[in-house]
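Please open the structure in your viewer and keep the selection panel at hand. The stops below say what to select next and what is to be found there.

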Amino acid sequence: MSQINKSAAQLLAPIVSNKKVGQYHQIIINIGDLASLCKPGNFVAINVGGDSSSMILRRAFAISRVSINSTFGGTMELIAAPHGQGSKWLCAQGEGAVLDIVAPLGTAFGIPTEPVPVLLVGGGYGSAPLFGLAEVLNARGCRVDMLLGASTASKIYAPMEGKRAVNSMRIYTEDGSMGQTGRVTDPIAEIIKDLDVAVVYSCGPMQMLSAITKITDSLSVVHQCAVEEAMACGIGVCMTCVLPVESEDGTVSMLRSCIDGPVMDGSKVQWSLVGKQL
Amino acid sequence: MTALDFSTTIGNTWFPAPTFTASGCASSGRELAQFFPLREMGGVVTKSVMSKVRTGRATPRMAETPSGMLNSIGLQGPGIDAFIAKDIPYLIEQKARIIVSIAGETVEEYSTLARKLRSVSGISAIEVNISCPNVENRGLVFACDPEASRRVIDGVRRTIGGELPIIAKLSPDVTDLVSIARGVVDAGADGLALINTVLGMVINVDTMRPHLGGKTGGLSGPAIRPIAVRAVYQVHAALPQVPILGMGGVASGKDALEMILAGASGVSIGTASFGNPTAIMKIQNELKQLLLDRGFTSLKQAVGYAHRPEAEQANV
């Protein structure tokens, strides 16, 4: 059995910059040598609220990108939406504020050994880790196409520099306020056939991941998805973030999305059983 | 610096430090081993294990609350056979001291679990969890019924004989904790684990239904610490010779010292490890310093020190 949390370390890491990007915050943290251990798909768990806070649990964020040798040394970027008390606190921290972080945690996206065509699908700010992934896939020689979707324009996270590593980027909003009107899942089947896509990578709300799995299952395409389930610990001890997943022998068990995920094989996740008693 | 004897004993078992994981908050130790060597704490109390594989309750299983959280896991676990085959050898290899926590649906299941553990070497004690709140039938919470509590402990004691210390884990959700504690000690428990989580509920105001899949959950974290300190104090006052593993919201050395002064011989750290994987090491170091600062030369001197007569000054 491989060692659990084997690359993870806890450290005090200063914020290098915190910029508002639309509705979201792009936060860059100096993490030194730890940057070289972070892979696309991994996440970071951050203490919020300071020492006297009544918020006792860490908040998990997907690592959107790392830089091994920026002017600040090794850095990590994450995208946060100031929705709850914890993420509001984080988004209010300025340059120089020191964060207590544990990273890198969780599984990473698998990178194809051959330069095959791939499709990246992001919902809302779930698109964040796909940009770091796109750079790695691009370096591998893959043709990378990207679809981003949200209910409305302000919820799309699509930084200008994110377009560098992708062949094409299409945006879908349900209200038509940006890009094409409709759901991000609408064109997936056609793109897979037209471009002979070998792997679909996705990150976003559960309903989106479930809908993509329906499409990829019928086309026999690999679907690697990064799931999102409420976590208390992020390191595998609390057993709260579980999802029903089929194992090799066909049995379904509750796997932890923090250590057996967040990246999972979409075809193995039993989406219809999420939230049900097994 | 003065030397401090930091060791503690539960039943006939000696532990070099009074700091433990709380069952259900450290799985079987593997996950925390990346952050500190497991042998450096007093011992690992493993997640309560049942006879068979158990998938647990539906999600959502967690809700953060002010200075605490609700969990509704429902004893998900691999079953005793897989646990003995995989987890015990790992912990022995790590040179960790092991307290195995067991949970059953019937008095017989507890005895069956004890029988399987009887022949396993490398175990320091057995925690008998008779107080998990996350079961379908509240009638199954043995620790809410003095007679049922006694029968479970009696069955385990008879099965394992006098070899391994038995620690009974009790619920604070009872009217008279002392009488339940007295009953399980009479039935053969060598020590007590106080307290399990407090039954609670959060209602989601958007869906306007209980937030947790299992509807109710167990409240843990600093929010319940005063309840735990009270429970330890009351039981220690009534049963001063019985070692207590104190737990419930311990997040700092000061919190651990409170438990010790109330009468705990050791402390378990649970929810604090969720927020900080190195919490146990931090708490251990802080507790040592606090004991030294107060002039104690051994942990044992501080156990129950809050119970000394009014007239007696703090003069250690």
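Begin by selecting Ser67(B), which is partly exposed because 17 other C-beta atoms lie within 10 Å, a count below the 20 needed for a buried residue and above the 12 that would still make it exposed. Bear in mind throughout the tour that this is a predicted model.

Ser67(B) sits in the loop that links β5 and β6 of chain B. Leaving aside residues up to four places away in sequence, Ser67(B) touches Ser54(A) and Ile56(A) in one chain, and Gly221(B), Pro222(B) and Ala223(B) in the other. If you show the C-alpha atoms of Ser67(B) and Gly221(B), you will find them separated by 6.2 Å, although the two residues are 154 residues apart along the chain.

**The sheet around this loop**

Next select the strands β5, β6, β14 and β11 of chain B, which form, in that order, an open sheet of four strands with antiparallel pairing. The edge strands are β5 (62-65) and β11 (198-200) of chain B, each of which pairs on one side only. Direction ignored, neighbouring strands of this sheet are turned by 35° against each other on average.

Within the sheet, look at β6 (residues 68-71) and β14 (residues 217-220) of chain B, which pair in the antiparallel sense over three bridges. One place to see this pairing is Met69(B), whose bridge partner in β14(B) is Ser220(B).

**Where the two chains meet**

Now colour by chain and select the contact between the chains, to which chain B contributes 33 residues and chain A 31 residues. On the side of chain B that touches chain A, α1 (30-33), β5, β6 and α8 (271-275) of chain B each supply at least two residues, and α8(B) gives the most, with four residues. Sorted by class, this side of chain B has 13 nonpolar, 15 polar and five charged residues.

**A buried strand**

Move on to strand β16 (residues 266-269) of chain B. In a regular strand the side chains alternate between the two faces of the sheet. Here Gly266(B) and Ser268(B) point one way, while Val267(B) and Ile269(B) point the other way, and all of them are buried.

Which strands pair with β16(B) in the parallel sense? Strand β3 (residues 19-21) of chain B does so over three bridges, and strand β15 (residues 244-246) of chain B runs parallel to β16(B) and is joined to it by two bridges. Select Val267(B) to see both pairings, for Thr19(B) stands opposite this residue, and Gly246(B) stands opposite it as well.

**A pair of helices**

Then select helix α6 (residues 225-238) and helix α7 (residues 253-262) of chain B, which pack at an angle of about 25° with their axes 8 Å apart. Since angles under 35 degrees count as roughly parallel, that makes α6(B) roughly parallel to α7(B). The contact is made by Arg225(B), Val229(B), Val232(B), Tyr233(B) and His236(B) of α6(B), together with Asp255(B), Glu258(B), Met259(B) and Ala262(B) of α7(B). By class, this contact has five nonpolar, one polar and three charged residues.

**Chain A as a whole**

Finally, select chain A, which has four helices and 15 strands. Its radius of gyration is 18 Å, close to the 19 Å that the globule rule gives for 278 residues, so chain A is as compact as a globular protein of that length. Along its principal axes the C-alpha trace of chain A spans about 50 × 45 × 35 Å, and buried residues make up 49% of its 278 residues.

Notes
Residues numbered from 1 in each chain as written. Chains lettered and ligands numbered in written order. Predicted model: local features only at pLDDT ≥ 70, side-chain atom pairs only at ≥ 80, totals over all residues. Axes fitted to C-alpha atoms, helices over the stretch in contact; angles between N-to-C directions. Parallel < 35°, antiparallel > 145°, perpendicular 65-115°, else oblique. Contact = placed C-beta atoms within 7 Å. Nonpolar A, V, L, I, M, F, W, Y, C, P; charged D, E, K, R; others polar. Rg over C-alpha atoms; globule rule 2.2 N^0.38 Å. Pairing = 2+ DSSP bridges.
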